Amino acid sequence: MPSTYLDLTNKLLRKINEVEISEADFSNTRGVQTLAKDAIADAIGQINQAEYEWPFNAAQHTQVLLVGQEEYSWPEYFKVVDWNSFQIQKNESLGVEHKMLEFMDRDVYYKKYKSDDDNAGVIGVRCPEFVAPSHGNGYIVSPSPDKQYNVQFKYYMNNVGLTNFSDQTRIPNSYDNVIIDGALYYMYMFRDNPEAAGVSIQVFQQGIKNMQGIFINKYERVYDTRVSRNSKMSPEYIGL
């Protein structure tokens, strides 16, 4: 279970021999206690920025598609999506089975399908078969939906700032020591102790590398995921 903002801050304060914070005083701290809170938040942010796909940031979203609407926004705190995970959900009342959507390059969508979707207007075309990146912050499904289908996909979340004493980081508590090492770097920099800060940042960076080795660098097999030039989804196929 992840640790709370209060737990992590007090671990840091104990490490530097400072007075810990109570739940009641957490929102009214001053001086070194406030710096400790900021240092914890900064260390958590650094860890989250180190990888796009930390498994503890994995999430799933279900979007109800609107008839005649192809473009949708990403959910809150979105970072990166797994394009291979988009799936229309089974719904007997709509007469649809589970169906995976095929990824499509946006330029292919513009050239081959957008006009048909636009011409269909508010009535839509049929159950979507493809998904593509939108021009803005979101994604496109095509053909334009003619019913309120549910599409589900997996993605990874951005770091969410901690505010209250009971807020939890998504990083497992077995890696609290990595967070503390990162926070120590910021505390030593504030105290104008570059030697101790230099040691802390090296330990912190090594801790992140160890986490990457455990969570990220797992290759049982290697696949070539490049799109074939013969695929109808590739820009080369349609002469772009």
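Tyr72, Trp74, Phe78, Trp83, Phe86, Phe103, Tyr139, Phe153 and Tyr155 form one aromatic cluster. The model that shows this cluster is predicted. Two members of the cluster, Phe103 and Tyr72, also lead into the sheet, described next.

Four strands make up an open sheet. Their order is 2-8-7-6, and the pairing is mixed. Strand 2 (71-73) and strand 6 (102-103) are the edge strands. Each of these pairs on one side only. In general, strands of a sheet pair through backbone hydrogen bonds, either parallel or antiparallel. Strand 6 and strand 7 (residues 130-133) take the parallel sense, over two bridges. In this part of the sheet, phenylalanine 103 stands opposite valine 131 of strand 7. Phenylalanine 103 is also one of the residues in the aromatic cluster.

Now the ring pairs. Across the whole structure, a search finds 21 aromatic pairs. One of them joins tyrosine 109 and tyrosine 110. Their centres are 6.0 Å apart, with 50° between the planes, and the pair is tilted. How accessible are these two tyrosines? Tyrosine 109 has 2% relative accessibility and therefore counts as buried, the cut-off being under 20%. Tyrosine 110 has 34% relative accessibility, so it counts as partly exposed. Phenylalanine 153 and tyrosine 155 also form a tilted pair, because their ring centres lie 6.1 Å apart and their planes meet at 55°. Phenylalanine 153 is buried, with a relative accessible area of 0%. Tyrosine 155 is buried too, at 7%. Both residues belong to the aromatic cluster.

A ring can also meet a charge. The charged end of lysine 37 sits over the ring of phenylalanine 26. The distance from that charged end to the ring centre is 4.3 Å.

Turn next to glutamine 33. Where does glutamine 33 lie? Its place is in helix 2, which covers residues 32-49. Is glutamine 33 buried or exposed? The relative accessible area of glutamine 33 is 17%, so this residue is buried, the limit being under 20%. What does its side chain reach? The side chain of glutamine 33 comes to 3.4 Å from the backbone oxygen of glutamate 20. Glutamate 20 also appears among the contacts of glutamine 33. Leaving aside neighbours within four places in sequence, glutamine 33 touches Thr9, Leu13, Val19, Glu20 and Ile21.

Technical notes:
Residues numbered from 1 in each chain as written. Predicted model: local features only at pLDDT ≥ 70, side-chain atom pairs only at ≥ 80, totals over all residues. Heavy atoms only, no water. Pairing = 2+ DSSP bridges. Buried < 20%, exposed > 50% of the residue type's maximum accessible area, 1.4 Å probe, protein only. Polar contact = N/O pair within 3.5 Å; in protein donor to acceptor, adjacent residues only side chain to side chain. Contact = heavy atoms within 4.5 Å. Phe/Tyr/Trp six-rings, centres within 6.5 Å; stacked < 30°, edge-to-face > 60°. Lys NZ or Arg CZ within 6 Å of the ring centre and 35° of its normal.
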